[in-house]
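I am opening a notebook on a structure that I have not looked at before, and I want to go through it one topic at a time.

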Amino acid sequence: MAETLNLAILGYGKMGRTIAQLAPQRGCEVRLIMDIDVNTGGAGITPQNFKGIDVCIEFTEPKAVLENIRRIAGVGCNTIVGTTGWHDRLDEVHKIVDASGIGLVYAANFSIGVNLFYQVARAAAETFARFPMYDPYLTEAHHKFKKDAPSGTALEIKRQVQPAFKEREIPVSCTRAGNIPGVHELGFDSEADTVIVRHTARSRQGFAEGALYSARWVVGKKGLFNFADILGQGDTAAPKT
Ligand SMILES: NC(=O)c1ccc[n+]([C@@H]2O[C@H](COP(=O)([O-])OP(=O)(O)OC[C@H]3O[C@@H](n4cnc5c(N)ncnc54)[C@H](OP(=O)(O)O)[C@@H]3O)[C@@H](O)[C@H]2O)c1
């Protein structure tokens with residue numbers, strides 16, 4: 001039986017709550033929960049509050065995440081970052097992580113299915129790019145409260161498949177409505193037909209599983225890691241989604 005992992009959860013919204021609910025079933029104890037009320041501008045991230053915390057899991061919002069990462073690095077706590085909308089500042093975060101000596105795992109999407117989808121999408125793009133009658137496109141749909149658009153996942157799919165199409169820019173369209181946990185589609189359209197590769201999240205549990213798996217994996221690690229790269233490499237069993 002693996003040792004209990006002591007967690008801090010930063011951001012107690014839809015994802016923070018899902019993770020807190022699942023954590024005890026995955027051998028984790030949530031010792032600290034901080035939402036905006038106690039952590040405006042990262043003010044709650046102090047050595048005293050983080051005493052005894054093994055890993056911090058951050059699911060807040062794009063405008064809060066950089067300062068949170070800076071302060072978490074400052075208290076020397078290994079971290080999982082699920083917040084999206086900041087990956088254009090990856091170089092800056094890389095420097096913060098390296099200078100502090102912490103381990104940080106990030107992902108636009110912590111679902112196993114989506115990370116496998118990236119591989120399928122790359123293979124599909126390489127296949128269809130050989131046939132110029134097919135135009136590639138991406139669509140994504142999320143609940144009406146999601147703050148960033150396109151989603152980090154759509155941007156990651158685009159990053160993975162765009163090289164196959166070289167100068168042909170892949171269009172991305174976004175929908176924000178209702179309670180949709182997340183749908184991503186990569187399509188190829190020709191005069192004759194349409195081929196679609198689609199991922200549909202049924203709930204937030206898949207994201208929470210991946211975040212908790214990463215939390216156990218990052219213990220004792222230093223450096224910046226992407227979830228897709230660590231998936232299946234750890235000394236724990238792959239997450240059960
Ligand atoms: N990587 C993945 O697998 C994945 C999956 C789902 C979602 N996400 C991303 O994760 C983030 C959170 O998603 P969500 O659905 O949980 O959003 P949410 O329901 O809006 O929750 C975010 C929470 O963070 C709080 N917050 C804002 N600034 C904070 C700060 N400085 N310190 C502590 N808490 C703070 C917010 O408080 P207020 O609302 O009061 O401001 C809110 O309660 C988003 O960026 C989303 O795109 C990623």
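The entries below record what I looked up, beginning with the domains and ending with two loop residues.

**Entry 1: model and domains.** I note before anything else that this is a predicted model. I looked up the domain assignment of the protein chain, and it gives domain 1, made of 5-110 + 204-230, and domain 2, which covers 112-200. For the separation of domain 1 and domain 2 I found 27 Å between their C-alpha centres. I then turned to the contact, to which domain 1 gives 12 residues and domain 2 gives 13 residues. On the side of domain 1 that touches domain 2, helix 6 (205-217) and helix 7 (227-230) each supply at least two residues. Sorted by class, that side of domain 1 has four nonpolar, six polar and two charged residues.

**Entry 2: the ligand.** Where does the ligand lie with respect to domain 1 and domain 2? I found that both domains give residues to the shell around the ligand, so it lies between them. There are 30 residues around the ligand, and of these Gly11, Gly13, Met15, Asn39 and Ala64 come nearest. When I sorted the shell by class, I obtained 13 nonpolar, 12 polar and five charged residues. I also checked which helices take part, and I noted that helix 1 and helix 2 (62-74) each supply at least two residues of this shell.

**Entry 3: the open sheet.** I followed the strands next and found an open sheet of six, in the order 2-1-3-4-5-10, with parallel pairing. Which strands stand at the edges of the sheet? They are strand 2 (28-34) and strand 10 (223-226), and each has a single partner strand, so one side of each is left without a neighbour in the sheet. On average, and with direction ignored, neighbouring strands of this sheet are turned by 20 degrees against each other.

I then looked at single pairs, starting with strand 1 (residues 5-10), which pairs with strand 2 in the parallel sense over six bridges; here Ile9 stands opposite Ile33 of strand 2. Helix 1 (residues 14-22) lies across strand 1, strand 2 and strand 3 (55-58), and I noted that helix 1 runs at about 165 degrees to strand 1.

Strand 3 and strand 4 run parallel and are joined by four bridges, and Cys56 has Thr79 in strand 4 as its bridge partner. Is strand 4 (residues 78-81) covered or uncovered on its faces? I found both faces covered, with Asn78 and Ile80 buried on one side and Thr79 and Val81 buried on the other. I add a general reminder that in a regular strand the side chains alternate between the two faces of the sheet.

**Entry 4: two loop residues.** I looked up Lys222, which is found in the loop between helix 6 and strand 10. Lys222 has 14 other C-beta atoms within 10 Å, so I entered this residue as partly exposed. Leaving aside residues up to four places away in sequence, Lys222 touches Gly101, Ile102 and Gly103. Lys222 and Leu104 are 118 residues apart in sequence, while their C-alpha atoms are 7.4 Å apart in space.

My last look-up was Pro132, in the loop between helix 4 (112-128) and strand 6 (135-142). Pro132 is exposed, because 10 other C-beta atoms lie within 10 Å and a residue counts as exposed at 12 or fewer. Between the C-alpha atoms of Pro132 and Ser190, which are 58 residues apart along the chain, I noted a separation of 8.9 Å.

Definitions and conventions. Residues are numbered from 1 along each chain as its sequence is written. This is a predicted model: local features need pLDDT of at least 70, side-chain atom pairs count only at pLDDT 80 or more; totals for chains, interfaces and linings use all residues. Two strands pair if DSSP finds at least two bridges between them. Axes are lines fitted to C-alpha atoms, for helices over the stretch in contact, and angles run from 0 to 180 degrees between N-to-C directions. Two residues are in contact if their C-beta atoms, placed from the backbone, lie within 7 Å. A residue is near a molecule or strand if its C-beta atom, placed from the backbone, lies within 6 Å of it. Ala, Val, Leu, Ile, Met, Phe, Trp, Tyr, Cys and Pro count as nonpolar, Asp, Glu, Lys and Arg as charged, and the others, Gly among them, as polar. Domain bounds come from an automatic or database domain assignment. A residue is buried if 20 or more other C-beta atoms lie within 10 Å of its own, exposed if 12 or fewer, and partly exposed in between; C-beta atoms are placed from the backbone.
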